[in-house]
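Could you walk me through this structure, one selection at a time? I have the viewer open and would like to know what to click on next and what is there.

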Amino acid sequence: MFRRLASATGALAITCALVLGLAGPAQASVWQFSDGFEGNPSATWILYRVGTGGGGYDINAGTARTPYNNAWLSMQGSGWSSVGRTVHLTPATVHPATCAARIYALPLGTARLNFEVIKPSTWTYISLKTVTLTGSTYQAVTTNSWNALDIDVFVRVSLIYTGSFSAVRLDDLIVQCSY
C-alpha cells in the first residue's frame with residue numbers, strides 16, 4: 001500500500017512538473033511583409049498623381065537601395081504624386097496585432113513626403129507620417145505604430161509639392177506586426 005501511494009505521488013509530481021514547465025510565460029510573435037519593387041512592380045504597386053506629378057520604376061538601373069529595382073516620384077508644380085499598394089496583414093485575421101511600416105527614401109534635393117497607411121473601405125488614414133528629407137543617401141522613414149483592426153491596408157508614399165522641383169526614389173517597404 002505504501003508503495004502504491006509513493007508511486008502515485010511520484011507520478012502526480014512528475015505530471016505537475018511537466019504541466020507547469022509547459023505553461024511558461026506567453027511569447028510574442030512577429031510577422032513581416034517585405035516588398036523591394038523587385039520582379040514586376042507595376043503588377044502590385046499603383047502610381048497616382050494630382051497636378052504636375054510624375055512617377056515610375058527604375059528597373060535594373062543601378063539606383064536601388066538593394067538590387068535591383070526601385071520606384072521614383074517627381075513634382076514640378078502644384079499637387080502631389082504617389083505610389084502605393086495593398087498589404088494583407090496576415091496575423092490580424094486571427095490575433096490582435098500592432099503594426100508599423102518602414103520604407104527607404106532617397107531625396108533628390110529636398111523632398112517632402114507623406115508616408116500613409118490607409119483603410120481601404122473608407123479611404124481614411126490609419127497612420128500618417130510627414131517628413132522633409134534632404135541628403136544623398138537612402139533614409140528610413142517609419143510610420144507610427146497602429147492597432148491592426150483591418151486585415152487589408154493600403155500603404156502609400158506621396159511626394160508633396162514644396163514650391164520647386166522635387167523628386168525621390170523609394171525602395172524596400174517593410175510592414176511588421178507583433179501579436
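Which hand does the disulfide of Cys99 and Cys177 have, and what is the torsion about its S-S bond? Keep that in mind while you set up the view; what you have open is a predicted model.

**Stop 1: the disulfide**

Select Cys99 and Cys177, which are joined by a disulfide with an S to S distance of 2.0 Å. The torsion about the S-S bond is about 105 degrees, so this disulfide is right-handed. Cys99 belongs to strand E4 and Cys177 to strand E10, so the pair ties together parts that are 78 residues apart in sequence. Cys99 is buried at 1% relative accessibility, and Cys177 is buried with a relative accessible area of 1%. A search of the whole structure finds one disulfide.

**Stop 2: the nonpolar core**

Next, go to Val87, Leu89, Leu170, Leu173 and Val175, the residues with the most contacts inside the largest nonpolar core, a group of 35 residues. Colour the strands that each supply at least two residues of this core: E1 (30-35), E3 (70-88), E4 (98-108), E5 (111-119), E6 (124-133), E9 (152-160) and E10 (166-178). In soluble globular proteins, nonpolar side chains tend to be buried together.

Now show the surroundings of Leu173. Setting aside neighbours within four places in sequence, Leu173 is in contact with ten residues you can label, among them Phe33, Asp35, Trp45, Arg85, Val87 and Phe115.**Stop 3: salt bridges**

Two of those contacts lead to the next selection. Asp35 and Arg85 meet through their side chains in a salt bridge, 2.4 Å from N to O. This pair links distant parts of the chain, with Asp35 in strand E1 and Arg85 in strand E3, 50 residues apart. Are these partners buried or exposed? Asp35 counts as buried at 10% relative accessibility, and Arg85 counts as buried at 11%.

Move on to Arg65 and Asp172, whose salt bridge has its closest N and O atoms 2.7 Å apart. Here, too, distant parts of the chain are linked: Arg65 sits in the loop between E2 and E3, while Asp172 is in strand E10, 107 residues away. Arg65 is partly exposed at 37% relative accessibility, whereas Asp172 is buried at 12%.

Then select Lys119 and Asp150, whose side chains meet in a salt bridge at 3.9 Å, N to O. Lys119 lies in strand E5 and Asp150 in the loop between strand E8 (146-147) and E9, so the pair ties together parts that are 31 residues apart in sequence. Lys119 is partly exposed, with a relative accessible area of 26%. A search of the whole structure finds five salt bridges.

**Stop 4: backbone details**

Return to Asp172 and look at its backbone: phi is positive, about 60 degrees, although Asp172 is not a glycine. Phe37 also has a positive phi, near 65 degrees. You will find Phe37 in the loop between E1 and E2, where it is buried with a relative accessible area of 0%.

Where is the cis peptide bond to look at next? Select Pro67 and Tyr68: the bond from Pro67 to Tyr68 is cis, with omega near 0 degrees. Tyr68 lies in the loop between E2 and E3.

**Stop 5: Ile160**

Now find Ile160 in strand E9. Not counting residues up to four places away in sequence, Ile160 touches Met75, Gly79, Trp80, Arg112, Asn114 and Ser166. Try a distance label too: the C-alpha atoms of Ile160 and Thr132 are 9.6 Å apart, with their positions 28 residues apart along the chain.

**Stop 6: a patch on the surface**

Finally, switch on the surface and select Ile46, Tyr48 and Trp123, which make a nonpolar surface patch of about 280 Å². Ile46 lies in strand E2 (residues 46-58) and is partly exposed, with a relative accessible area of 40%.

Notes. Residues are numbered from 1 along each chain as its sequence is written. This is a predicted model: local features need pLDDT of at least 70, side-chain atom pairs count only at pLDDT 80 or more; totals for chains, interfaces and linings use all residues. Side-chain values use heavy atoms; hydrogens and water are left out. Patches are made of residues with over 30% relative accessible area and no salt bridge: like charges are joined within 9 Å, nonpolar side chains (Val, Leu, Ile, Met, Phe, Trp, Tyr) within 5 Å. Accessible areas come from the Shrake-Rupley method with a 1.4 Å probe; for residues, only the protein chains shown count as cover. A salt bridge is a side-chain nitrogen of Lys or Arg within 4 Å of a carboxyl oxygen of Asp or Glu. Helices (H or I, at least four residues) and strands (E, at least two) are DSSP runs, numbered from the N terminus. Buried means under 20% relative accessible area, exposed over 50%, partly exposed in between (1.4 Å probe, protein chains only). A nonpolar core is a set of buried Ala, Val, Leu, Ile, Met, Phe, Trp, Tyr and Cys residues joined through side-chain atoms within 4.5 Å. Contact means heavy atoms within 4.5 Å. A disulfide is a pair of cysteine sulfur atoms within 2.5 Å.
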